[in-house]
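Let's take a walk through this protein together, with the structure open beside the text. Please keep the view free to rotate as you read.

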Amino acid sequence: MKEDEILQKLTNTLADIDLEGTRKICKEALSGGISSIKIVKALSEGMSVIGEKFEAKEYFLSELIMAGEIMREAQEIIEPYLEEEQVKRRSKIVIGTVEGDLHDIGKNIVISLLSSSGFDVTDLGVNVPKERFVKTVSEIKPDVLGLSALLRATVPEMGEVIQALKDAGLRRAVKVVVGGLPLNEEYAEKLGADYYAEDAWKGLEIIRKVVDTD
Ligand code: B12
């Protein structure tokens with residue numbers, strides 16, 4: 001099978017919520033020399049199909065939960081293969097999903113990519129209150145704070161976190177990168193963020209630039 005066909009099969013297998021199949025194709029693709037980044041992209045496409053099916057009421061919450069579990073397992077298989085790179089200075093990144101939001105698959109991909117690229121990442125998890133972001137920024141003094149939100153209803157919370165940083169006198173000390181499905185460049189600017197990343201790879205590119213020009 002050609003590389004494209006394997007990747008398409010992986011997307012479809014995840015979209016069918018097939019745990020065994022996804023695990024198997026991931027391993028085969030990796031041992032066949034397909035790049036880990038392409039594999040993660042194929043899996044992300046599978047998650048988008050699942051989202052569409054959920055919207056069309058073809059899938060329900062139980063399928064979303066299963067998909068989350070499959071994605072977590074797949075990430076564990078792929079993580080050791082994510083390309084290791086040397087970063088001169090171990091720049092610090094703090095990242096979390098904002099309060100009210102439990103989605104963390106995308107955030108975890110960002111973390112895998114950053115960690116395997118040599119960044120020192122502190123993961124605050126999901127449903128993180130703004131006070132915790134502020135406390136961590138003041139203690140760890142990261143170069144970048146990454147915020148994630150997947151629900152339209154929780155995106156405004158990103159603005160609340162940024163305002164809380166301002167109130168604590170910490171806004172200038174850290175660059176804020178936001179990501180998540182309901183966002184775009186314009187919305188991110190309105191929230192007061194420095195950068196918007198549509199995916200993990202864009203996030204890595206932005207963060208590399210930010211720490212380079214520090
Ligand atoms: C899996 C999933 C779940 C799982 C989450 C499991 C987990 N551990 O994360 C569970 C079952 C828990 C869940 C619950 C709910 N979900 Co849900 N979920 C999804 C689903 C299918 C996939 C999300 C995903 O993982 N995508 C794959 C990853 C790789 O993509 P990503 O998250 O976008 O991340 C990438 C980029 O956005 C970016 N990125 C993201 N964050 C960040 C941060 C930084 C710093 C950077 C640089 C980049 C970055 O990089 C990532 C990688 O490239 C989406 C549908 C979809 N199309 O996305 C719905 C979706 C997000 N969910 C939705 C809904 C409605 C819900 C529920 C309210 C359902 C319910 N009735 O209870 C609850 C809410 C729970 C809560 N309080 O958060 C809606 C949101 C609609 C809206 N307008 O707000 C969606 C869009 C489904 C739909 N089409 O209706 N969900």
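We will go from the domains to the ligand and then to a pair of helices.

Keep in mind from the start that this is a predicted model. The protein chain falls into two parts, domain 1 (3-81) and domain 2 (92-212). If you take the C-alpha centres of domain 1 and domain 2, they sit 25 Å apart. Where the two domains touch, six residues come from domain 1 and four residues from domain 2. On the side of domain 1 that touches domain 2, α3 and α4 each supply at least two residues. The largest share of that side, three residues, belongs to α4. Sorted by class, the side of domain 1 that touches domain 2 holds three nonpolar, two polar and one charged residues.

Now turn to the ligand. Where does the shell around the ligand lie with respect to domain 1 and domain 2? Both domains give residues to this shell, so it lies between them. There are 39 residues around the ligand, and the ones that come nearest are Gly51, Gly106, Gly146, Gly179 and Gly203.

To find your way around the shell, follow the helices and strands that build it. Several elements each supply at least two residues: the helices α3 (36-55), α4 (61-78), α5 (105-116) and α9 (200-212), together with the strands β3 (144-148) and β4 (175-179). Which element gives the largest share of the shell? That is α3, with seven residues. As for chemistry, the shell is made up of 21 nonpolar, twelve polar and six charged residues.

You have now met α4 twice, at the side of domain 1 that touches domain 2 and in the shell around the ligand. It is worth following α4 once more, this time to its packing with helix α2 (residues 19-31). The axes of these two helices are 10 Å apart, and the angle between them is about 20 degrees. An angle under 35 degrees counts as roughly parallel, and α2 and α4 are therefore roughly parallel to each other. The crossing of α2 with α4 is right-handed.

You can pick out the residues that make this contact. From α2 come Leu19, Thr22, Arg23, Cys26, Lys27 and Leu30, and they meet Ile70, Glu73, Ala74, Ile77 and Ile78 in α4. By class, the contact of α2 with α4 contains seven nonpolar, one polar and three charged residues.

Note on methods: Residues numbered from 1 in each chain as written. Predicted model: local features only at pLDDT ≥ 70, side-chain atom pairs only at ≥ 80, totals over all residues. Near = placed C-beta within 6 Å. Helix = DSSP H or I, 4+ residues; strand = E, 2+ residues; numbered from the N terminus. Nonpolar A, V, L, I, M, F, W, Y, C, P; charged D, E, K, R; others polar. Domains from an automatic or database assignment. Contact = placed C-beta atoms within 7 Å. Axes fitted to C-alpha atoms, helices over the stretch in contact; angles between N-to-C directions. Parallel < 35°, antiparallel > 145°, perpendicular 65-115°, else oblique. Left-handed = near helix turned anticlockwise from the far one by under 90°.
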